[in-house]
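Student: I should like to understand how the terms used for a protein structure are justified. May we go through one example together?

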Amino acid sequence: MAQPAARSEQLAGLAQGMIDFHTHAIDPDLPDVGATHAGCFPRVERTGERSAQIVLGDRLYRRIDDTCWSTAARICDMDREGIAVQVLSPIPVTFCHDQPAPGAAELARAQNDFLAAMVASAPHRFVALGAVPMQDPALAVAELTRCVTELGFVGVEIGTRVGELELTDDQFTPFFDAASALSAVIFIHPVDRDLDPRISNLGLGFGFGMPTETAAAAAALLSAGTVQAAPAARIVLAHGAGALPALLPRLDRGQHLATAADTGEPISHAARRLWCDSLTYDDASLRLAVRRFGHDHVVLGTDYPFAAREQPAGAVLAHLEPHLRQRIGTTNAGALCAGSDHPNCDGWDVTTLATAPNRHPHCGPGKGTSG
């Protein structure tokens with residue numbers, strides 16, 4: 001199994017500079033799994049040389065452009081905004097944790113092969129997180145292991161729930177155990193289709209539904225002891241951990257009220273084992289996340305290349321103290337990806353924030369990005 005030292009050696013060739021941990025990608029020629037498997041799975045339809053659309057069932061889900069799949073297009077944007085490295089991950093609608101496992105497993109494998117090819121085309125600029133079919137824990141463990149030990153990924157991305165099951169369900173213990181054994185990253189990202197219909201019908205899915213969905217999943221993982229039982233797994237929460245930072249004191253109080261006996265470690269203390277990205281759009285919210293999780297457990301994340309992305313990348317870091325901006329922008333993600341809590345990551349020097357790398361030869365002046 002891959003160990004942090006081996007992973008650090010693999011990452012040693014990455015460009016020096018800011019690391020965007022939260023970005024998404026998809027194959028424009030993604031296999032139409034729904035044509036051969038039972039269930040409702042997304043498919044991608046090309047609408048032009050540089051454009052496509054994601055379709056779910058008979059409905060348009062999202063229009064996308066080549067920044068979702070072209071390394072050249074992405075590198076143009078990265079160079080423009082001073083991003084040295086992107087961590088690629090699947091688009092959450094493709095998790096399909098609530099669909100039949102055979103189709104979900106085939107979709108995950110296809111996506112992982114595509115992400116591996118993207119990384120291979122520019123290994124100094126990209127790292128990847130894979131997809132896994134969580135509804136079948138044995139298949140999820142097998143694909144997680146393939147991602148880390150064969151494809152060289154730093155971990156995987158999963159949703160906040162698996163159909164009607166919480167991530168704390170006993171059947172998922174082998175998955176978290178395997179992630180811990182591999183020192184793998186588990187990036188937890190909400191899926192818009194899983195949100196409370198009441199919130200979605202109010203038009204608050206993005207602003208309220210996603211943050212609270214993330215908080216609910218994380219609070220459950222902490223209160224159930226799942227996080228504590230998988231100490232070497234690197235569990236990262238999207239969107240600044242959603243509403244969790246603000247709720248931790250209340251969770252502590254609830255933990256105290258729920259039992260008259262000493263419940264051991266407060267939830268807020270256990271939460272310092274978690275990581276989150278910086279995608280809060282707000283300096284005060286980011287500082288609260290740093291306070292809750294620690295200055296070494298927050299990483300830069302932008303949600304590139306979609307409309308919700310932070311532009312320019314790292315804008316929320318602008319008013320931070322230089323040492324904290326350095327940690328969140330570069331150092332912490334280096335340690336996270338290498339499976340180490342130490343900034344130098346066994347030879348990968350992430351302590352110096354470099355200037356933006358040279359522009360990619362395919363970059364033309366003024367090329368824009370649509371989300």
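Tutor: We begin with pairing: two strands count as paired if DSSP finds at least two bridges between them. Please keep in mind that this model is predicted.

Student: What makes β1 and β5 a pair?

Tutor: Five bridges join β1 to β5, residues 83–89. The cut-off is at least two bridges, so the two strands pair. One of the bridge partners is Val85 in β5, which is matched with Ile19. Helix α2, residues 71–81, packs on the sheet there and touches β1, β5 and β6. The direction of α2 makes about 135 degrees with that of β5.

Student: Why is the sheet called open, and what is the sense of its pairing?

Tutor: Eight strands follow one another in the order β1-β5-β6-β7-β10-β11-β12-β13, and the pairing is parallel. β1 (18–24) and β13 (298–299) each have a single partner strand, so one side of each lacks a neighbour in the sheet. These two strands therefore stand at the edges.

Student: Which strands pair with β10?

Tutor: β7, residues 155–158, pairs with β10 over four bridges in the parallel sense. β11, residues 234–237, also pairs with β10 in the parallel sense over four bridges. Ile158 stands opposite Ile188 of β10, while Ile186 has Ile235 in β11 as its bridge partner.

Student: How do you know that both faces of β10 are covered?

Tutor: In a regular strand, side chains alternate between the two faces of the sheet. In β10, residues 185–188, Val185 and Phe187 lie on one side, with Ile186 and Ile188 on the other. Buried means under 20% relative accessible area. These four residues are all buried, and both faces are thus covered.

Student: How many cavities of 30 Å³ or more does the structure hold, and how much space lies in the largest?

Tutor: There are three cavities of that volume or more, and the largest holds about 70 Å³ of space. A cavity is a set of points where a 1.4 Å probe fits but cannot get out.

Student: Which elements give two or more residues to the lining of the largest cavity?

Tutor: They are α2 and β5, and α2 gives the most, with three residues. The lining includes Asp77, Met78 and Arg309.

Student: How do the lining residues divide into nonpolar, polar and charged?

Tutor: Four are nonpolar, two polar and five charged. Asp and Arg count as charged and Met as nonpolar, so Asp77 and Arg309 belong to the charged residues and Met78 to the nonpolar ones.

Methods: Residues numbered from 1 in each chain as written. Predicted model: local features only at pLDDT ≥ 70, side-chain atom pairs only at ≥ 80, totals over all residues. Heavy atoms only, no water. Contact = heavy atoms within 4.5 Å. Axes fitted to C-alpha atoms, helices over the stretch in contact; angles between N-to-C directions. Buried < 20%, exposed > 50% of the residue type's maximum accessible area, 1.4 Å probe, protein only. 1 Å grid on protein atoms, 1.4 Å probe; cavity = no way out; pocket = protein on both sides within 12 Å on 5 of 7 lines; lining within 4 Å. Points joined across faces, edges and corners; volume = space filled by probe spheres on them.
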